[in-house]
Amino acid sequence: MAGESAAHMILFIATILIASSVSAVMIVTMEKMSIEIKNQGEFIKEVLSTDFEIINDPVNIPTKTIGTDTAYVFYIKNIGSTSFAFTNETLTVLIDGQIVSKQNVITDPSVLNPGDVGELDVIVSLSSGNHRITVILENGVSDSLDFTI
């Protein structure tokens, strides 16, 4: 009888240890999941509150000379509710699907606040005809403009 009680006591203690271990693992897993959900929510909030538009006249793209190069001038308006960095390091510029190297992209100012318009100078050689510029921010928000030279 004493042996049977001891066996029941050992099984009871083992069950309690296993249950507490499982609950500890579940608590840690739930905490990690809640942190990840919070991070994803903040990213989605940032993406949804960031928006911009290329506001050029598509048939009259201005140019200017920078050193010995000709740059096409595009105007970017922040139509979102948050500011975003507006530098050649935080933008990806594509012309006709080809990435323009960062040294051929000049921006002013370095931050676009809501409602502000920035200037994007792109040094690239283009033939006459139809072209497409796509500007992508570091968070993935993008806008495109079909234009003619």
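Which side chain does a polar contact of 2.6 Å join to that of His131? The partner is Asp96, whose side chain meets that of His131 in this contact. The structure described here is a predicted model, and this report goes through its sheet, its salt bridges, its aromatic pairs and one patch on its surface. His131 itself belongs to strand β10, and its relative accessible area of 8% places it among the buried residues, because buried means under 20%.

**The sheet around strand β10**

Strand β10 is part of an open sheet of four strands, which follow one another in the order β6-β5-β10-β11 and pair in an antiparallel way. At the edges of this sheet lie β6, with residues 98-99, and β11, with residues 142-148, and each of these two strands has a pairing partner on one side only. In general, the strands of a sheet pair through backbone hydrogen bonds, and they may do so either parallel or antiparallel. Strand β10 covers residues 130-137, and seven bridges join it to β11, with the two strands running antiparallel. Within this pairing, Ile133 stands opposite Leu145, a residue of β11.

**Salt bridges**

The same two strands can also be followed through their charged side chains, starting from a count for the whole model: the structure holds three salt bridges. The table sets out the closest distance between N and O atoms for each of them.

| Salt bridge | N to O distance |
|---|---|
| Lys64 and Glu119 | 2.6 Å |
| Lys64 and Asp121 | 3.0 Å |
| Asp146 and Arg132 | 2.8 Å |

Consider Lys64, which appears in the salt bridge with Glu119 and again in the one with Asp121. Lys64 lies in strand β2 (residues 63-66) and Glu119 in strand β9 (residues 117-123), so this pair ties together parts that are 55 residues apart in sequence. The pair of Lys64 in β2 and Asp121 in β9 likewise ties together parts of the chain, here 57 residues apart in sequence. Lys64, Glu119 and Asp121 are thus linked in a network of salt bridges. As for their surroundings, Lys64 counts as partly exposed, at 32% relative accessibility, whereas Asp121 counts as buried, at 4%.

The salt bridge between Asp146 and Arg132 returns us to the open sheet. Asp146 lies in strand β11 and Arg132 in strand β10, so the pair ties together parts that are 14 residues apart in sequence. Both side chains belong to partly exposed residues, since Asp146 has a relative accessible area of 47% and Arg132 has one of 39%.

**Aromatic pairs**

A pair of aromatic rings is described by the distance of the centres and the angle of the planes. In this model the count comes to two aromatic pairs. Phe52 and Phe84 form a tilted pair, with 6.0 Å from centre to centre and 55° between the planes. This pair links distant parts of the chain, for Phe52 is in strand β1 (residues 52-54) and Phe84 is in strand β4 (residues 84-85), 32 residues apart. Phe52 is buried, with a relative accessible area of 2%, and Phe84 counts as buried too, at 9%.

Why is the pair of Phe74 and Phe147 described as edge-to-face? The centres of the two rings are 5.3 Å apart and their planes stand at 65°, and an angle over 60 degrees counts as edge-to-face, so the pair receives that description. Here, too, distant parts of the chain are linked: Phe74 lies in strand β3 (residues 69-78) and Phe147 in strand β11, 73 residues apart. Phe74 counts as buried at 0% relative accessibility, and Phe147 counts as buried at 1%.

**A nonpolar patch on the surface**

The last feature lies on the surface, where Met9, Phe12, Ile13, Ile16 and Leu17 make a nonpolar patch of about 530 Å². One of these residues, Ile16, lies in helix α1, which spans residues 2-49. Is Ile16 buried or partly exposed? At 46% relative accessibility, Ile16 counts as partly exposed, because that value falls between the limits of 20% and 50%.

Methods. Residues are numbered from 1 along each chain as its sequence is written. This is a predicted model: local features need pLDDT of at least 70, side-chain atom pairs count only at pLDDT 80 or more; totals for chains, interfaces and linings use all residues. Side-chain values use heavy atoms; hydrogens and water are left out. Two strands pair if DSSP finds at least two bridges between them. Rings of Phe, Tyr and Trp (its six-membered ring) pair if their centres lie within 6.5 Å; planes under 30 degrees apart count as stacked, over 60 as edge-to-face and the rest as tilted. Buried means under 20% relative accessible area, exposed over 50%, partly exposed in between (1.4 Å probe, protein chains only). Patches are made of residues with over 30% relative accessible area and no salt bridge: like charges are joined within 9 Å, nonpolar side chains (Val, Leu, Ile, Met, Phe, Trp, Tyr) within 5 Å. Accessible areas come from the Shrake-Rupley method with a 1.4 Å probe; for residues, only the protein chains shown count as cover. A salt bridge is a side-chain nitrogen of Lys or Arg within 4 Å of a carboxyl oxygen of Asp or Glu. A polar contact is a pair of N or O atoms within 3.5 Å; within protein, one must be able to donate a hydrogen and the other to accept it, and residues adjacent in sequence count only if both atoms are side-chain atoms.
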